[in-house]
Amino acid sequence: MQPVSLQPVSWTTGGALGDRDRAYDNVGAIPDARSYPARWSEAAASFRERLSAEGRARLGLPYGAGPRHAYDLFLPDGTPRGLAVFVHGGYWKAFDRSVWSHLAAGPLAHGLAVALPSYTLCPEARIAAITAEIAAFLDRAAAEVAGPVRLSGHSAGGHLVTRMLCADVDLACAERIARVVSISGVHDLRPLLGTGMNEVLHLDPAEARAESPALREPRPGARLVAVAGSDELPEFRRQNLLLPTVWHGLGAETQAFEIADRHHFSVIEDLTDPGSALTRALAGG
């Protein structure tokens, strides 16, 4: 993978984990956090309207029979040189694809088609079932667009796209995955067992271990870039380092970086910029 101009990671944990709810509470840690979803939704709707008017949006494509088994596909000018994917976060229990359409802008400018899925949320689905849904989506979307596949996901979405690099996941298009960019990804689910959100996630110790990419083996030839913001909560910075460190020892090609002056919500917005280091990390050779 070509290097990208991101900030190397340098930090200390500051002691024991302590209050797990606070350790994973991005809303509580980010000023004006509750204003972000409305701004994202507005930008996403405007983006879809423009791409639809240009004939470059295919919306609501099915990948399964469930009500949330659908994805949007945005097309670049000319023949796509491959497929990029963005899987949203929200701790597996919030949001859908409609909030994030505008994040396709950066990869589209690099000639990639971009697919964004919805998936069944907890507690209606367990996390293991969501992993299987993303695999089904990915095989369906990859069948629509020729060429290499590049995956990105944010927070819980970072978990889901790194699961696609795990050797235990049944994925027909696995050999086409050129790289995965996990943005503020949660790569070890075990700390979430002690959080209030687990009343919705319904994780038990066995599923937390089985669904943690950091406890699984990567596919042969796996290529991973893990990115976080320098202003994120310490647990997300730790999780960002964890998976590349483990998988490097298992033969994967890995990098871990931080983007300066970004927190958990602002870090993904660099995907709207074709020239940003984050977009280049996803779209590069």
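How many disulfides does a search of the whole structure find? The search finds zero disulfides. This is a predicted model, and the account below covers its cysteines, sheet, helices, salt bridges and a few individual residues.

**Cysteines**

C122 takes part in no disulfide, and the nearest cysteine sulfur, which belongs to C166, is 17 Å away. C166 is likewise in no disulfide; for C166 the nearest cysteine sulfur is that of C173, at 14 Å. A disulfide would require two cysteine sulfur atoms within 2.5 Å. C122 counts as buried because its relative accessibility is 5%. C166 is buried as well, with a relative accessible area of 0%.

**The sheet**

Eight strands make up an open sheet with mixed pairing, and their order is β1-β2-β4-β3-β5-β6-β7-β8. The edges are held by β1 and β8 (253-259), each of which has a single partner strand, so one side of each is left without a neighbour in the sheet. On average, neighbouring strands of this sheet are turned by 20° against each other, with direction ignored.

In general, strands of a sheet pair through backbone hydrogen bonds, and the arrangement is either parallel or antiparallel. Strand β3 (residues 83-87) and strand β5 (residues 149-154) run parallel and are joined by five bridges. Within this pair, V87 has G153 of β5 as its bridge partner.

**Edge strand β8 and residue E258**

E258 is placed in strand β8. With 0% relative accessibility, E258 counts as buried. Its side chain is joined to the side chain of R237 by a polar contact of 2.6 Å. E258 and S184 are 74 residues apart along the chain, while their C-alpha atoms are separated by 9.4 Å.

**Helices α6 and α8**

How many of the eight residues of α6 are buried? Eight of the eight are, so α6 is largely enclosed by the rest of the structure. The buried residues of α6 are A156, G157, G158, H159, L160, V161, T162 and R163.

A206 lies in helix α8. At 48% relative accessibility, A206 counts as partly exposed, since exposed means over 50%. The C-alpha atoms of A206 and Q255 are 28 Å apart, with their positions 49 residues apart along the chain.

**Salt bridges**

Side chains of opposite charge can pair when their charged atoms come close. The count for this model comes to 17 salt bridges. The table lists some of them.

| Salt bridge | N to O distance |
|---|---|
| D32 and R39 | 3.9 Å |
| R216 and D168 | 3.5 Å |
| R190 and D188 | 2.8 Å |

In the bridge between D32 and R39, D32 is exposed, with a relative accessible area of 55%. R39 counts as partly exposed, at 40% relative accessibility.

Which parts of the chain does the pair of R216 and D168 tie together? R216 lies in the loop between α8 (205-210) and β7 (223-229), and D168 lies in the loop between α6 (156-163) and β6 (177-183), so the pair ties together parts that are 48 residues apart in sequence. R216 is partly exposed, with a relative accessible area of 25%, and D168 is partly exposed too, with a relative accessible area of 37%.

For the pair of R190 and D188, R190 counts as partly exposed at 36% relative accessibility, whereas D188 counts as buried at 6%. Elsewhere, R50, E54, R56 and D77 are joined into one network by salt bridges that share partners.

**The loop residue H69**

Where is H69 found? H69 sits in the loop between β1 (57-62) and β2 (70-74). Is H69 buried or exposed? H69 counts as buried because its relative accessibility is 17%, and buried means under 20%. The side chain of H69 makes a polar contact of 3.0 Å with the side chain of E133. With neighbours within four places in sequence left aside, H69 is in contact with L61, P62, Y63, G64, T120 and E133. E133 therefore appears both in the contact list of H69 and, within the 3.5 Å cut-off, as the partner in its polar contact.

Technical notes
Residues numbered from 1 in each chain as written. Predicted model: local features only at pLDDT ≥ 70, side-chain atom pairs only at ≥ 80, totals over all residues. Heavy atoms only, no water. Helix = DSSP H or I, 4+ residues; strand = E, 2+ residues; numbered from the N terminus. Buried < 20%, exposed > 50% of the residue type's maximum accessible area, 1.4 Å probe, protein only. Polar contact = N/O pair within 3.5 Å; in protein donor to acceptor, adjacent residues only side chain to side chain. Contact = heavy atoms within 4.5 Å. Salt bridge = Lys/Arg side-chain N within 4 Å of Asp/Glu carboxyl O. Pairing = 2+ DSSP bridges. Axes fitted to C-alpha atoms, helices over the stretch in contact; angles between N-to-C directions.
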